[in-house]
Amino acid sequence: MTILIETVDNPWIEMQVCTKVMNISINIFIIWERRQGYHGFMKCAIRISNFCLEPCIMNPIRINDYVDKVGLFMDNDKQRLCIEAARLYYMSDYSQQDIASKLGVSRPTVSRLLQHAKEQGYVRISIIDPFEDLNALGEQVKQRYHLNQVLVSYCPVDEHREIKKHISKKAAEYLGETVQDTDIIGVTWGTTMHAVALQLQQKPVKGVEVVQLKGGVSHSHVNTYAAEIVNLFADAYHTIAMHLPLPVIFDNVEVKRMVEKDRHIQRIIQLGKQANIAVFTVGTVKEDALLFRLGYLSEDEKKLLQKSGAGDICSRFFDAKGNVCSDIINDRTIGIELEELRKKDKSILVAGGHRKLDAIKAALIGRYANVLVTDQFTAQALLD
């Protein structure tokens, strides 16, 4: 039978007192704050096997009377109690109060047991830092695809929505560090770009211009967030948004060329070419691709792009080698040309996830980006 006698105060000293009660050997563990001339009532709990008797109050005792007779100890019973408390706390997610109730001791005693378990090496706590290898992973992708910079964002799960949330936050933070006075920022649209725009932080810069890199008007009920994105970018950098209020893909090339001759449209397209920072994502050629749902393309054109294409940037489709895969569709598309992206100081591709892997890889092979913001799952897949 083990009797635990304790005070509420800290620090604590343990002593073992052996006695005989009805020929039964009893180990009494005394826990108290050692103070000169300390007297006090002590709460105790008695444990016999797995049964815990009701706590009782012992008569006042003078602790110093025992000090000269017994020494400090740590026996097997106490070790077992430490380990039992540690198992409940670290492996079974018990609270310290729950452990105290289960073991028949006070919560402060549980805290001391857990601390002692760590000090004695019964508990080993290891932290897996997911950020440790992200820089190395980014460096490998950078070298493989000849990029200027790769930012790898940690994502806890390989799931499209989670990846979008984390990489868009990373991209917004990067832009906050990057954008300077007089920069011209070209932006595209889509759900990833919208997620980036929503997480931009205000930055007190001067003379910044924000311009749409492609048209964003459609007759579909599907939201492209085209206007909202450019407005959010402009708001973050204290400027006025320059919209390209046109369909991104025209029905025929003659109409598109005629519209491009408009002086206002020419000025916006030219500003997009002058932008030193371009921020964009990639689209896919899967059946549910955003661009396929906007009514710009016929069913035959969709099939052609699904057969020969890998993805799109600024609604310009390219194949697995990064080359434009349909000159006819490309000629009907209004906005920045893909080769213009190669000339930017910072051509920032924000994309991740298994769904977009082929499009991302083809875009990097085509050298349309010099900065990539992605997640660790995608970065590893780009190396495999």
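Buried here means under 20% relative accessible area, and everything below comes from a predicted model.

**Close-up 1. Helix 14 and what sits around it.**
Helix 14 covers residues 357-365, and its buried residues are Leu357, Ala359, Ile360, Ala362, Ala363 and Leu364. What do these buried residues of helix 14 pack against? Two of the partners are helices, namely helix 5 (134-145) and helix 15 (376-383). The others are strands: strand 14 (311-313), strand 15 (316-318), strand 16 (346-350) and strand 17 (371-375). Have a look just past the helix too, where Arg367 follows with a positive phi, near 60°.

**Close-up 2. A salt bridge within helix 6.**
Searching the whole structure turns up eight salt bridges, and this view takes in one of them, between the side chains of Lys169 and Glu173. The N to O distance is 3.4 Å. Both residues belong to helix 6 (residues 160-178), where they are four residues apart, or about one turn of the helix. Are the two partners buried or exposed? Neither label fits: Lys169 is partly exposed because its relative accessibility is 43%, and Glu173 is partly exposed as well, at 40%.

**Close-up 3. A salt bridge from loop to loop.**
Here Arg355 pairs with Asp288 in a salt bridge, and their closest N and O atoms are 3.3 Å apart. Arg355 is in the loop between strand 16 and helix 14, while Asp288 is in the loop between strand 13 (277-280) and helix 11 (299-308), so the pair ties together parts that are 67 residues apart in sequence. Arg355 has a relative accessible area of 36%, so it counts as partly exposed. Asp288 is also partly exposed, with 39% relative accessibility.

**Close-up 4. A salt bridge with buried partners.**
Arg332 and Glu301 bring their side chains together in a salt bridge, 2.6 Å from N to O. Which parts does the pair tie together? Arg332 comes from the loop between helix 12 (327-331) and helix 13 (338-341), and Glu301 from helix 11, so the link joins parts that are 31 residues apart in sequence. Why does Arg332 count as buried? Its relative accessibility is 8%, which puts Arg332 below the 20% cut-off. Glu301 has a relative accessible area of 18%, so Glu301 is buried as well.

How values were computed:
Residues are numbered from 1 along each chain as its sequence is written. This is a predicted model: local features need pLDDT of at least 70, side-chain atom pairs count only at pLDDT 80 or more; totals for chains, interfaces and linings use all residues. Side-chain values use heavy atoms; hydrogens and water are left out. Buried means under 20% relative accessible area, exposed over 50%, partly exposed in between (1.4 Å probe, protein chains only). Contact means heavy atoms within 4.5 Å. A salt bridge is a side-chain nitrogen of Lys or Arg within 4 Å of a carboxyl oxygen of Asp or Glu.
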